[in-house]
Amino acid sequence: MDFNDSPEEAAYREKARAWLAENAAAHRAQFGELKPNTPEHMAAAKAWQATKAAAGYACITWPAAIGGGGGTPIQSVIFGQEEGKAGLGYGYFTIGLGMCVPTVMAFSNTETKQRFVSPAVKGEEIWCQLFSEPAGGSDVAALRTRAVKDGDEWVINGQKVWTTGAHYCDYGILLTRTDPDVPKHKGLTMFWIDMKDAAVECRPIHQMSGGREFNEVYFTDLRVKDSQRLGEVGDGWKVALVTLMNERLAVGGSSGPNYREIMSLARELTGSTGPAIKDNAFREKLADWYVQSEGLKFTRFRTMTALSRGQTPGPESSIGKIIAANQMQELANTAVEMEDQYGILVDPDQAPAEAAFQQSLMWAPGLRIAGGTDEILKNIIAERVLGLPGDVRVDKDVAFKDMPTGR
Amino acid sequence: MDFDFSDDQKFLKDEARKFLDGRCGPAVVRGVLDHADRAFDKDLWAAVAEQGWLGACIPEAYNGLGLGRVELCAIAEELGRAVAPIPFASTVYVLAEGIMAFGSEAQKSAVLPRIAAGELIGCLATSEGPGVITASSLTTRVENGKLTGVKIPVTDGDVADMALVLASEGGKPALFLVDLKADGVSRETLKSLDPTRSVAKLTFDGVAAERVGEAGQGLETVQAILDRAAVLLAFEQLGGADKCLEMAKDYALGRYAFGRVIAGYQAIKHKLADMYVKNEVARSNAYYGAWALNVDAPELPIAASAARIAASDAFWFASKESIQVHGGMGFTWDVDCHLYYRRSRQLSLVAGAPRVWKERLVSQLEQKNAA
């Protein structure tokens with residue numbers, strides 16, 4: 001039991017480090033420090049993705065013939081670690097390359113693949129995933145966006161919600177209802193669409209955190225060719241499962257302050273019986289957070305070990321988001337309460353740690369829902385890991401149009 | 001990255017499980033549970049000695065197998081899963097590990113070969129009453145090499161041949177090796193929350209005692225021994241927690257209520273998912289502890305604390321919620337749930353309760369940050 005790279009892994013890491021040292025410096029010299037979610041930041045991200053693609057460091061596990069690196073999963077993990085250490089993690093491509101483009105590759109013809117895969121790998125085009133709807137979140141198969149066949153085309157009307165990056169994406173994969181007369185899972189069909197089409201309208205969602213990172217996307221008589229269909233008519237659920245298989249890996253990690261930051265805060269603040277860091281109730285919580293955080297870190301090491309041994313990782317990584325999201329919420333709230341009356345302030349110029357805890361507090365509810373709610377993730381662990389039965393499906397044999405909707 | 005048991009270690013673990021399935025079934029555990037006069041299962045103890053487990057980490061020079069600590073962790077996990085009713089932890093994790101780490105050459109020669117041969121049971125005597133023991137609360141003392149005082153409770157104290165005893169000498173705590181067969185030792189068997197592991201009150205009246213480790217460093221020496229034991233105990237706790245999850249799952253899959261198996265209800269599914277999450281957090285922390293123990297890393301105090309906290313939490317949660325899933329059946333003497341509920345308490349209390357370890361963890365983190 002150790003944490004060392006195998007000789008091959010060490011050699012790869014050394015190579016990746018050397019490459020990053022040279023290219024990250026050049027990249028920084030060109031673009032400098034930029035604010036996320038600005039056009040300049042996006043331009044820098046695209047340039048970095050192109051640089052990586054040219055060197056075989058974009059989509060490391062994909063074949064070189066389609067623009068990937070022709071490498072192994074453990075190499076991909078190693079490069080990700082080194083890229084993170086170099087401070088160069090751009091998130092814009094994660095959903096497209098992690099979920100959407102693999103779906104396109106699995107279910108489209110050669111011509112479509114040739115058209116889209118390479119530009120996506122190079123960061124020239126960005127993809128989004130259009131599944132969730134106001135009436136279908138956890139139960140995404142209850143979606144209502146309608147696609148109706150019209151000659152060689154389909155006409156699409158409806159609304160998606162919580163689409164990450166829809167406003168800057170070029171293309172998307174869209175799950176629609178093509179047959180409301182059959183049970184919900186059987187009447188779905190997947191398409192790829194052009195997000196810049198005039199019939200597609202993105203409206204940012206004003207989140208409770210104050211930010212606008214997600215979108216509602218409206219389709220009004222959007223016309224797509226039948227050749228844009230991914231998979232067979234009525235097979236959309238099967239196609240969607242291929243996409244979703246990768247979702248938990250893509251959403252996985254969380255940012256925001258952790259046990260180290262709250263420890264620093266507690267050192268500076270005064271509690272009711274002395275320094276806040278000396279408060280026993282706080283120290284117990286701190287110990288629990290440390291144990292959870294380290295537990296997740298070492299669980300990732302176990303996953304890496306399986307990859308390193310050429311094995312399929314076990315299901316243990318499924319615990320990640322439940323723990324991270326709930327800890328974020330509890331830790332943020334403890335910090336805010338520790339600040340006492342001052343905790344109500346959210347101005348980064350006034351609140352301790354530049355208001356990181358207040359921001360975390362307001363972001364955490366979203367993290368507990370995004371990419372599988374706590375409840376859905378527990379169902380997944382119960383059903384797929386522990387082998388317990390699925391829920392009773394009262395809508396299993398009911399035509400979609402006859403399903404109770406509550407309104 | 002190689003952060004898991006190796007194939008050889010997995011093989012050892014599988015063999016240990018098969019061995020314990022055959023030699024340490026519920027009937028064996030209940031044999032000790034239901035008979036107040038049985039402190040442990042002597043046949044199982046002899047068989048475990050025969051397997052070489054008692055001397056697994058004892059160097060070959062002292063007639064042990066000279067294996068690494070990760071191998072011992074694998075065995076510990078299986079012993080915990082089987083709620084083995086034997087003084088393994090007291091003898092191996094505490095006495096053998098303690099003497100290997102702090103004993104003189106003479107002490108090693110006197111103790112280790114006998115442990116490896118299954119001829120010597122050990123125990124650790126620190127507690128003197130309710131609450132945490134400190135330098136100022138310590139009343140047991142050694143004067144002119146003679147130990148006097150009362151230790152209560154001492155796990156396996158009624159059957160042990162030798163004890164490591166915390167006592168003050170010249171006003172400062174130190175650790176002593178004491179032959180419990182010597183004159184001046186009296187023992188009283190006590191009732192325990194977990195009757196599958198015995199506890200006793202030991203009274204010392206001028207008993208010969210040999211110091212282990214430095215003078216005046218008793219608390220530090222005990223803590224260093226407990227750091228090592230905590231990792232091994234964490235694997236026992238993990239084994240128990242995994243077994244609780246399995247038992248609850250199997251029961252839920254076979255029990256019908258309201259026309260279907262209860263394993264299909266989300267209240268049950270989510271409870272079992274919560275157990276799984278805690279067990280995996282415990283496993284990952286325990287693995288880190290195993291690494292630190294095996295290479296004697298400077299991170300051991302932090303790694304051991306985290307392993308103990310996570311494993312205590314996981315086993316407590318799994319053992320109590322497994323009873324809940326079993327419903328009324330789980331509350332009966334005849335169903336095995338309570339064996340694990342009892343053992344989860346025994347393992348969480350025997351080397352200092354989780355609260356103490358949480359404080360130890362945080363003070364270590366403070367020191368690390370200050371450094």
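**Helices, strands and the chain contact in a predicted model**

In this predicted model, helix 3 of chain B gives way to B:Gly52, a residue with a positive phi near 90°. The helix leading up to that glycine spans residues 42–51, and its buried residues are B:Leu44, B:Trp45 and B:Val48. These three are confined to an arc of only 100° around the axis, so they sit on the same side of helix 3 of chain B. The other side of the helix carries B:Lys42, B:Ala46 and B:Glu50, which are exposed. As for what the buried residues of helix 3 meet, they pack against three helices of chain B, namely helix 1 (7–23), helix 2 (26–33) and helix 5 (88–102).

Helix 4 of chain B makes a useful companion to this picture. Covering residues 69–81, helix 4 of chain B has 13 residues and reaches 18 Å from its first C-alpha to its last, close to the 18 Å expected at 1.5 Å a residue. Helix 4 of chain B is mostly covered, with 13 of its 13 residues buried. A positive phi turns up here too: B:Val83, just after helix 4 of chain B, takes a value of about 40°.

Stepping back to the whole of chain B, the secondary structure amounts to 11 helices and nine strands. The radius of gyration of chain B is 20 Å, close to the 21 Å that the globule rule gives for 371 residues, so the chain is as compact as a globular protein of that length. Along the principal axes, the C-alpha atoms of chain B fill a box of roughly 75 × 50 × 40 Å. Buried residues account for 56% of the 371 residues of chain B. Links across the sequence were also examined: among contacts in chain B between residues at least 6 apart in sequence, 74% join residues at least 24 apart.

Turning to chain A, strand 1 (residues 127–130) offers a neat alternation. A:Trp127 and A:Gln129 point one way from the strand, while A:Cys128 and A:Leu130 point the other way, and all are buried. Strand 1 of chain A pairs with strand 4 (residues 171–177) of chain A in the parallel sense, over four bridges. Within chain A, A:Gln129 stands opposite A:Ile173 of strand 4.

Another residue to look at in chain A is A:Asn215, which lies in strand 7 (residues 214–225) of that chain. A:Asn215 has 23 other C-beta atoms within 10 Å; the threshold for a buried residue is 20 or more, so A:Asn215 counts as buried. Leaving aside residues up to four places away in sequence, A:Asn215 touches A:Thr163, A:Ala166, A:His167, A:Cys202, A:Arg203, A:Pro204 and A:Ile205. A:Val161 is 54 residues from A:Asn215 in sequence, yet the two C-alpha atoms are 6.0 Å apart in space.

Finally, the two chains meet through 36 residues of chain A, which are in contact with 35 residues of chain B. On the side of chain A that touches chain B, the elements giving two or more residues are helix 9 (280–308), helix 10 (320–338) and helix 12 (374–385) of chain A. Helix 9 of chain A gives the most to this side, with 16 residues. By residue type, the side of chain A that touches chain B divides into 20 nonpolar, seven polar and nine charged residues.

Note on methods
Residues numbered from 1 in each chain as written. Chains lettered and ligands numbered in written order. Predicted model: local features only at pLDDT ≥ 70, side-chain atom pairs only at ≥ 80, totals over all residues. Contact = placed C-beta atoms within 7 Å. Nonpolar A, V, L, I, M, F, W, Y, C, P; charged D, E, K, R; others polar. Buried ≥ 20, exposed ≤ 12 C-beta atoms within 10 Å, placed from the backbone. Rg over C-alpha atoms; globule rule 2.2 N^0.38 Å. Expected span 1.5 Å × (residues − 1). Pairing = 2+ DSSP bridges. Arc of directions from axis to C-beta.
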